[in-house]
Amino acid sequence: MFRYYLKLGVLSIRANPALSALMVAAIAIGIGACMTMATVRHVMSDNPVAHKNDVLFHVQVDSWNPDDPYDEPNEPPEQLTYIDAKALHTANRAFRQIISIKTGRVIQPEGEDVRPFQQEARATTADFFQMFDVPFRYGSGWDKSADDAEEFVVVLSTSLNEKLFGGVDSVGEMLTINTQAYRVVGVLGDWHPVPKFYDLNNNPYEGPEEMFIPFTVAISGEFGNNGNTNCWKPVPDGGYDAFLNSECVWVQMWVELRDASEKATYLQFLDSYVEEQKTLGRFARPMNNRLSTPQEWLVNREVVDDMVDVLLSLAVLFLLVCLLNTIGLLLAKVMRRTNDISLRRALGASKSELFKQYIVEAGMIGVAGGVAGIGMTWLGLRGIENVFSEYDFIAYLVRMDWSMIMLAVLLAIVSALAAALYPTWRACSVSPATTLRIQ
């Protein structure tokens with residue numbers, strides 16, 4: 001019977017092509033508007049390391065002003081002081097651990113074709129690449145001995161390697177950065193986590209840094225910090241060393257803990273460290289250590305702007321308006337087919353069979369609306385990309401994956417079926433005796 005209902009649905013759609021096209025268009029426009037904003041929100045709130053969400057943790061300790069919390073109601077700083085970051089990292093109590101900052105360096109290419117240029121970099125420690133499953137096209141990251149020895153090594157992104165070395169395997173090549181020669185040890189593969197979960201300061205949707213260097217090299221070279229730096233009391237005189245020993249927070253720390261036991265042990269270690277610092281006159285605030293998973297950290301930092309939720313709500317309301325129009329069109333179509341419905345009822349068709357027939361027809365319209373809605377969504381995303389084209393990261397926020405494509409089709413079918421309920425009920429309520437007597 002299903003194939004028969006499909007055939008009847010095709011015949012019905014062909015009999016009223018203009019009305020059917022209007023219904024498909026109404027659903028497609030509503031789906032397009034709704035899915036455009038849903039796709040943007042989906043990408044903005046995505047967890048790029050969901051597969052390791054239960055083993056990666058962002059570290060926080062509350063070293064802030066004893067008289068005033070870092071953020072209401074009682075949030076600790078999102079970063080660490082250099083004193084704490086170095087001490088926790090040196091203790092080596094986690095399976096893997098990294099500390100990092102965003103910095104900037106001047107690259108001096110060989111030859112006269114390319115002038116020296118400023119480039120953002122990530123100063124981090126050896127575990128960064130394994131901890132976050134960073135793919136490599138050539139080579140690999142450095143090891144812990146390079147951190148300890150303050151070796152001048154560098155990992156390049158694919159795009160920077162293309163710019164400097166024409167995209168070939170540059171592992172082992174030397175690169176001059178701020179007059180210092182660095183040895184290339186690796187070139188990243190395609191890696192663009194959105195949001196940039198490991199550092200949500202500034203813009204969480206900007207791409208990862210184009211080069212990575214050892215954290216110890218950055219400290220010994222007194223590199224500047226291009227990320228956020230927050231201090232609750234003035235930095236004493238004494239230059240860079242005084243800054244390193246200040247209570248300013250500016251270093252991010254992540255640890256990898258493989259199970260609940262390792263997490264509990266590490267929390268105990270943090271508590272012991274804070275208690276020790278309290279005896280030295282630091283950490284005057286109550287104990288407030290945090291280990292946040294990537295998902296918890298994304299929620300805590302509110303990476304999805306409130307305006308996106310508002311726009312998504314408006315898009316859902318617009319979809320409801322489109323569905324109301326679809327209901328009106330379906331109802332008009334049913335009323336025009338009263339004679340056919342009455343004749344089928346008189347020939348023995350039950351109300352349930354009529355219901356199935358019109359639901360199948362509505363589902364066909366929903367599928368067509370969903371397919372067209374995917375096209376409308378693509379146009380909507382391209383429109384957003386063009387409007388905000390001055391932002392380099394926008395291209396990564398307007399990409400549809402298969403989950404969003406399937407959701408668009410499913411939402412269109414469900415919407416069409418929901419819109420068809422009342423018109424179908426009216427169709428099943430037609431009295432064949434009254435209609436045929438009038439005829």
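Helices and strands here are DSSP runs, numbered from the N terminus; a helix needs at least four residues and a strand at least two. With that convention, Threonine 179 is found in the loop between strand S7 (174–177) and S8. The model is predicted.

**Overall makeup**

The protein has 15 helices and 11 strands. Of its 439 residues, 49% are buried. Its accessible surface comes to about 21,000 Å², and carbon and sulfur atoms account for 56% of that area. Contacts reach far along the chain. Among those between residues at least 6 apart in sequence, 75% join residues at least 24 apart.

**Cysteines**

How many disulfides does the protein have? The count comes to one. The bond joins cysteine 231 to cysteine 248, with an S to S distance of 1.9 Å. The cut-off for a disulfide is 2.5 Å between cysteine sulfur atoms, so this pair qualifies. The link of cysteine 231 and cysteine 248 is right-handed, with 105° about the S-S bond.

Which parts does this pair tie together? Cysteine 231 lies in the loop between helix H7 (215–220) and helix H8 (239–244). Cysteine 248 lies in the loop between H8 and strand S10 (249–256). The pair therefore ties together parts that are 17 residues apart in sequence.

The two partners can also be described by accessibility. Cysteine 231 is partly exposed, because its relative accessibility is 36%. Cysteine 248 is buried, because its relative accessible area is 0%.

Cysteine 34 is in no disulfide. Its nearest cysteine sulfur belongs to cysteine 322, 10.0 Å away. Cysteine 322 is in no disulfide either, and its nearest cysteine sulfur is that of cysteine 34. A disulfide requires sulfur atoms within 2.5 Å, so a separation of 10.0 Å does not count. Is cysteine 34 buried or exposed? At 7% relative accessibility, cysteine 34 counts as buried. Cysteine 322 is buried too, with a relative accessible area of 7%.

| Cysteine | Relative accessibility | Class |
|---|---|---|
| Cysteine 231 | 36% | partly exposed |
| Cysteine 248 | 0% | buried |
| Cysteine 34 | 7% | buried |
| Cysteine 322 | 7% | buried |

**Backbone details**

Where is the cis peptide bond? It joins valine 194 and proline 195, with omega about -5°. Proline 195 sits in the loop between strand S8 (180–188) and strand S9 (211–214).

Threonine 179 is not a glycine, yet its phi is positive, about 70°. This residue is in the loop between S7 and S8. Threonine 179 is exposed, because its relative accessibility is 69%.

Glutamate 222 also has a positive phi, near 55°, in a residue other than glycine. Glutamate 222 is found in the loop between H7 and H8. Cysteine 231 is in the loop between H7 and H8 as well. At 48% relative accessibility, glutamate 222 counts as partly exposed. The class is called exposed over 50%, which is why 48% falls outside it.

**Nonpolar surface patch**

Which residues make the nonpolar surface patch? They are Met307, Val310, Leu311, Leu314, Val316, Leu317 and Leu320. The patch covers about 600 Å². One of its members, leucine 320, is found in helix H11 (residues 306–336). Leucine 320 counts as partly exposed, because its relative accessibility is 44%. Patch members need over 30% relative accessible area, so leucine 320 meets that cut-off.

Definitions and conventions
Residues numbered from 1 in each chain as written. Predicted model: local features only at pLDDT ≥ 70, side-chain atom pairs only at ≥ 80, totals over all residues. Heavy atoms only, no water. Patch = residues over 30% accessible without salt bridge, like charges linked within 9 Å, V, L, I, M, F, W, Y side chains within 5 Å. Areas by Shrake-Rupley, 256 points an atom, 1.4 Å probe, with all protein chains shown as cover. Salt bridge = Lys/Arg side-chain N within 4 Å of Asp/Glu carboxyl O. Buried < 20%, exposed > 50% of the residue type's maximum accessible area, 1.4 Å probe, protein only. Contact = heavy atoms within 4.5 Å.
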